[in-house]
Amino acid sequence: MQVADIVCFDNDTASPEPAGQIDHVGYFLGVDSEGLMGIMSSRKGANGPTFTDIGGASIVGGGTGTYATGLRVVRRF
């Protein structure tokens, strides 16, 4: 992945859509000083975007969090 790539996720496990359907997107921000991949993405609520932080919810690589397990595809335009 490169900075500004579009990252696509299947994160909404409670919806009736089939598994594997893209339901959330974000921008790849790069790798931080801890070696973790982060993203910037929107939220369902009106409280603004989510940005990566050390150990935050937007960490893509590693672990068992929503973004780490829901990543499905990366695209560059």
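This note goes through the predicted model of the protein chain, beginning with the overall fold and then turning to two residues, His-24 and Arg-76.

1. The secondary structure of the protein chain consists of 1 helix and 5 strands, and when these elements are read along the sequence they follow the pattern β-β-β-β-α-β.

2. Of the 77 residues in the protein chain, 30% are buried. The chain exposes about 4,900 Å², and carbon and sulfur atoms supply 55% of that area. Among the contacts in the chain with a separation of 6 or more, 34% are accounted for by residues 24 or more positions apart.

3. His-24 belongs to strand 2, which covers residues 24–31. Its relative accessible area is 16%, and because buried means under 20%, His-24 counts as buried. Leaving aside residues up to four places away in sequence, His-24 touches Val-7, Cys-8, Phe-9, Asn-11, Ser-41, Ser-42 and Tyr-67. With Ser-41 there is also a polar contact of 3.2 Å, which joins the side chains of His-24 and Ser-41.

4. Arg-76 lies in the segment that comes after strand 5 (71–75). Its relative accessibility is 51%, and since exposed means over 50%, Arg-76 counts as exposed. When residues up to four places away in sequence are not counted, Arg-76 touches Met-1, Gln-2 and Asp-5, and its side chain makes a polar contact of 2.8 Å with the side chain of Asp-5.

5. Val-7, already listed among the residues that His-24 touches, can also be set beside Arg-76: the two are 69 residues apart in sequence, while their C-alpha atoms are 9.0 Å apart in space.

Terms used: Residues are numbered from 1 along each chain as its sequence is written. This is a predicted model: local features need pLDDT of at least 70, side-chain atom pairs count only at pLDDT 80 or more; totals for chains, interfaces and linings use all residues. Side-chain values use heavy atoms; hydrogens and water are left out. Helices (H or I, at least four residues) and strands (E, at least two) are DSSP runs, numbered from the N terminus. Buried means under 20% relative accessible area, exposed over 50%, partly exposed in between (1.4 Å probe, protein chains only). Contact means heavy atoms within 4.5 Å. Accessible areas come from the Shrake-Rupley method with a 1.4 Å probe; for residues, only the protein chains shown count as cover. A polar contact is a pair of N or O atoms within 3.5 Å; within protein, one must be able to donate a hydrogen and the other to accept it, and residues adjacent in sequence count only if both atoms are side-chain atoms.
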